Amino acid sequence: MSLSLGMAGGLVLPQPIPREAIRRHGRALRLCGEELADFVEIVSGIDDFWVATEQRKQTDAAVRAARGMSRQR
């Protein structure tokens with residue numbers, strides 16, 4: 001999932017996968033109890049890391065682009 005900010009060509013920030021969606025997928029894999037809890041924790045941790053990394057990359061790119069635009073003026 002992503003969040004779009006700004007006008008056309010604006011910043012699109014990734015958003016975390018809803019925990020309930022991860023839980024539903026775990027149940028579809030026939031996980032339950034502690035296995036399901038572990039699955040949700042592991043996948044959520046991976047997703048949180050990916051979202052933070054991508055948001056940082058996109059923010060850094062936007063800052064670089066803004067600095068480049070201000071130098072052109």
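Helices, as the word is used here, are DSSP runs of H or I with at least four residues, numbered from the N terminus; in this predicted model, alanine 21 belongs to one of them, helix α1, which covers residues 19–28. The protein chain holds two helices and two strands, and reading along the sequence gives the order β-β-α-α. The points below begin with the chain as a whole and its confidence scores, then turn to the salt bridges and to individual residues in the helices and in the loop that joins them.

**The chain as a whole**

- The protein chain has 73 residues, of which 16% are buried, and the area that the chain exposes comes to about 5700 Å², with 59% of that area supplied by carbon and sulfur atoms.
- When the contacts in the protein chain with a separation of 6 or more are considered, 40% of them are accounted for by residues that lie 24 or more positions apart.

**Confidence of the prediction**

- The mean pLDDT of the protein chain is 86, and 81% of the residues reach a score of at least 70.
- Among the elements of the chain, helix α1 has the highest mean pLDDT, at 98, whereas strand β1, made up of residues 2–5, has the lowest, at 52.

**A salt bridge between the two helices**

- Side chains of opposite charge can pair when their charged atoms come close.
- The count of salt bridges in this model comes to four, and one of them joins aspartate 48 to arginine 19, with the closest N and O atoms 2.5 Å apart.
- This pair links distant parts of the chain, since aspartate 48 sits in helix α2 and arginine 19 in helix α1, with their positions 29 residues apart in sequence.
- Both partners fall in the range from 20% to 50% relative accessible area that counts as partly exposed: aspartate 48 is partly exposed because its relative accessibility is 36%, and arginine 19 is partly exposed because its value is 29%.

**A salt-bridge network within helix α1**

- Glutamate 20 and arginine 23 form a salt bridge through their side chains, with an N to O distance of 2.9 Å; these two residues are about one helical turn from each other because they are three residues apart in helix α1.
- Glutamate 20 also meets arginine 27 in a salt bridge, here with an N to O distance of 3.4 Å.
- Because salt bridges that share partners connect them, Glu20, Arg23 and Arg27 belong to one network.
- Each member of this group is partly exposed, with a relative accessible area of 35% for glutamate 20, 27% for arginine 23 and 44% for arginine 27.

**Where the helices approach each other**

- Alanine 21, in helix α1, counts as partly exposed because its relative accessibility is 25%, and its C-alpha atom is separated by 9.4 Å from that of valine 40, a residue 19 positions away along the chain.
- Glutamate 41 has its place in helix α2 and is exposed, as its relative accessible area of 59% indicates.
- From C-alpha to C-alpha, glutamate 41 is 9.1 Å from arginine 19, although the two residues are 22 apart in sequence.

**A buried threonine in helix α2**

- Threonine 53 is part of helix α2, which covers residues 33–72, and its side chain reaches the backbone oxygen of phenylalanine 49 at a distance of 2.9 Å.
- Is threonine 53 buried or exposed? Threonine 53 counts as buried because its relative accessibility is 18%, and the cut-off for that class is under 20%.

**The loop between the helices**

- Arginine 30 is located in the loop that lies between α1 and α2, and its phi angle is positive, at about 65°, although this residue is not a glycine.
- With a relative accessibility of 75%, arginine 30 counts as exposed, because the class requires a value over 50%.

Notes:
Residues numbered from 1 in each chain as written. Predicted model: local features only at pLDDT ≥ 70, side-chain atom pairs only at ≥ 80, totals over all residues. Heavy atoms only, no water. Buried < 20%, exposed > 50% of the residue type's maximum accessible area, 1.4 Å probe, protein only. Polar contact = N/O pair within 3.5 Å; in protein donor to acceptor, adjacent residues only side chain to side chain. Contact = heavy atoms within 4.5 Å. Areas by Shrake-Rupley, 256 points an atom, 1.4 Å probe, with all protein chains shown as cover. pLDDT = per-residue confidence, 0-100.
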